[in-house]
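Biologist: Could you take me on a close look at one part of this model, the place where the chains meet and the rings around it? I would enjoy one connected walk-through, with a stop inside a chain on the way.

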Number of protein chains: 2
Amino acid sequence: MAARPISHAEKGQMPDLRPIGLFDSGVGGLTILKKLATLLPHENFVYLGDTARLPYGSKSPETIVKYLEQNLDFLERHQVKSAVVACNSASTVVVDQRIKARAFPVFDVILPGSEAAVRASESGRIGIIGTRATVRADSYQRAILKLNPMAKVFSMACPLLVPLVEEGWEDDPLTNLVIYRYISPLLKENIDTLVLGCTHYPALKTSIAKVVGPHVQLIDSSQSIAEILLREGESMIEPTPRPPSAAKSELDLTPQKISISITDKSEAFVEVARRLLYPLIVSSFEQVDL
Amino acid sequence: MAARPISHAEKGQMPDLRPIGLFDSGVGGLTILKKLATLLPHENFVYLGDTARLPYGSKSPETIVKYLEQNLDFLERHQVKSAVVACNSASTVVVDQRIKARAFPVFDVILPGSEAAVRASESGRIGIIGTRATVRADSYQRAILKLNPMAKVFSMACPLLVPLVEEGWEDDPLTNLVIYRYISPLLKENIDTLVLGCTHYPALKTSIAKVVGPHVQLIDSSQSIAEILLREGESMIEPTPRPPSAAKSELDLTPQKISISITDKSEAFVEVARRLLYPLIVSSFEQVDL
């Protein structure tokens, strides 16, 4: 049973006001930012969208490691207390321990998704969809087999799904056809659980659910990472959901700060970010050079 | 009437052995490399594929300018005698004269494609398809209107076509559906000419021809750039197609050198490059950091 998180005020501690850092190559990780910022209203967030070099999904592990170190350097300069690699392609190199140790913990999205899949699957037959880089790295397969050595994992790279989301064709017969083409080989393997192994895919959840039918559970990695952070990072990131009836403390008067930095100027990104994060308010947008 | 190009040997000059440089964000520009290397068998070529930062099509003009200057610096270090920006998205910033002057001429692909379209169109109703960056930059429209102020230009960004080519679904009913969705608004405007404004699109020529029907002419920018270079760059790049009956000169014994550099390690790129360039032989592949 999960204990109710204890707030700084209740503990009589000074709150750790350092922000939590997140990054992704683009807008995908905003789904995770929204979940965390909603669940942790007293926390501040710094989000880096590496839009100048997106997408990561088609790049080699060596290149992804280089970008990821630069992104973590950026978050370090912003004095984050923890960092979330809100991108599956980049998470694979974290799981493989290919990045150098930092003064703050670095969370990936592969392990939370794998744990949720193993919990959800009754037959142990689990499907994974993701970008080419994520599928090639095989990180989900290895994480799942570590948790359940009897599991059978079936993966499929779906490089067209991110551009379909970015085109805005989420609920479209054409998109359903593409999804069907990618997922039907997995359905032939009688999977009962399908991991949405890319932070863009939750936008296609309705279409994917139609294609897989009611007997396959979908694992949304943005949901899983929020749960894991709430559980594992409790002492670090201090989850303090505000009880509706509580008297306003001084802390409640400090508005939550959400700062977004992008490496390429993009009006489209700013619009999508505001829409995706609503009703959360973004305190600042800036363009940065890494 | 085009004059037959005159070779160095015929002119009694020493050949300029410096290579011709080309670059693109990925494999697209290889279609242009192949045409040039076939038409200019005595010339050496240096091709840069900026695979670590592909695609350019979704990046802002500021970021594309930065990448392009770095790519031209690279070609300058390789002492090229001329450079071809074998990418439509990057060509837009060349047309707009946003890059600094170099000691060698820099050719883009927009102007050759526009000239060919104006020559081909009888009604002056011309369609353009390309990436978001190319369509947003409006360079084709401006170049065409300069050549024919009475022309009507209709553009459509087609962000899914590059990933469809990279997925290998070139001749596929699903791809035809996507093409139909993108192109039907242009057909409603009664265009008689359609510019394939992205170096990937020639791979979809068969499908696009099916969708547009026999009354719309397709303009392939790789064909146009080769023609322009042969015409305009004659004194510089010395086109010397080998006459089949000619006696072998000493020059003929020097094999053509085609060097390819990529910014991200990618086995897939090397395979695709060998396949696309066949029967030309690539002398060297190397990975570089810009």
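**A close look, from the core to the interface**

Modeller: Happy to! Let us begin inside chain B: once its neighbours within four places in sequence are set aside, L194(B) is in contact with G127(B), I128(B), I129(B), I183(B), L186(B), I208(B), V212(B), V216(B), Q217(B), L218(B) and I219(B). Please keep in mind that this is a predicted model. L194(B) belongs to strand β7 of chain B, which covers residues 193-196. With a relative accessibility of 0%, L194(B) counts as buried. A117(B) is 77 residues away from L194(B) in sequence, yet the two C-alpha atoms are 7.6 Å apart in space.

Now to the interface. The contact draws 30 residues from chain A and 30 residues from chain B. Between them the two chains bury about 2400 Å², and 51% of that is on carbon and sulfur atoms. On the side of chain B, the residues that lose the most area to chain A are L160(B), L174(B) and R181(B), which together make up 22% of what that side buries.

The polar part of this interface can be counted too. There are 18 residue pairs in polar contact between chain B and chain A, both residues of each pair being at pLDDT 80 or more. Which elements of chain B give two or more residues to the side that touches chain A? They are α3 (61-77), α8 and α9 of chain B. Of these, α9(B) gives the most, with five residues.

Eight salt bridges are found across the interface of chain B and chain A. A closer view of R181(B) is worthwhile here: its side chain meets that of D172(A) in a salt bridge, at 2.7 Å from N to O. The charged end of R181(B) also sits over the ring of W169(A), 4.8 Å from the ring centre.

From that ring we can turn to the aromatic pairs, which number four over all chains. One of them lies within chain A: Y56(A) and Y67(A) form a tilted pair, 5.6 Å from centre to centre and with 45 degrees between the planes. Y56(A) is in the loop between β2 (45-49) and α3 (61-77) of chain A, while Y67(A) is in helix α3 of chain A, so the pair ties together parts that are eleven residues apart in sequence. Are these two tyrosines buried or exposed? Y56(A), at 1% relative accessibility, counts as buried, and Y67(A) counts as buried at 2%.

Another pair involves Y182(A) and W169(B): the ring centres are 5.4 Å apart and the planes stand at 40 degrees, so this pair is tilted. Because Y182(A) lies in helix α9 (residues 173-187) of chain A and W169(B) in the loop between α8 (161-167) and α9 (173-188) of chain B, the pair joins two chains. Y182(A) and W169(B) are both buried.

Back at Y67(A), there is a charge to add: the charged end of R53(A) sits over the ring of Y67(A), 3.9 Å from its centre.

To finish, here is chain A as a whole. Its secondary structure comes to 14 helices and ten strands. Chain A has 290 residues, of which 54% count as buried. Among the contacts in chain A between residues at least 6 apart in sequence, 76% join residues at least 24 apart.

Definitions and conventions:
Residues are numbered from 1 along each chain as its sequence is written. Chains are lettered from A and ligands numbered from 1 in the order in which they are written. This is a predicted model: local features need pLDDT of at least 70, side-chain atom pairs count only at pLDDT 80 or more; totals for chains, interfaces and linings use all residues. Side-chain values use heavy atoms; hydrogens and water are left out. Rings of Phe, Tyr and Trp (its six-membered ring) pair if their centres lie within 6.5 Å; planes under 30 degrees apart count as stacked, over 60 as edge-to-face and the rest as tilted. Helices (H or I, at least four residues) and strands (E, at least two) are DSSP runs, numbered from the N terminus. Buried means under 20% relative accessible area, exposed over 50%, partly exposed in between (1.4 Å probe, protein chains only). A charge sits over a ring if NZ of Lys or CZ of Arg is within 6 Å of the ring centre and within 35 degrees of the ring normal. Contact means heavy atoms within 4.5 Å. Buried area is the accessible area (1.4 Å probe) that two parts lose on being put together, summed over both. A salt bridge is a side-chain nitrogen of Lys or Arg within 4 Å of a carboxyl oxygen of Asp or Glu. A polar contact is a pair of N or O atoms within 3.5 Å; within protein, one must be able to donate a hydrogen and the other to accept it, and residues adjacent in sequence count only if both atoms are side-chain atoms.
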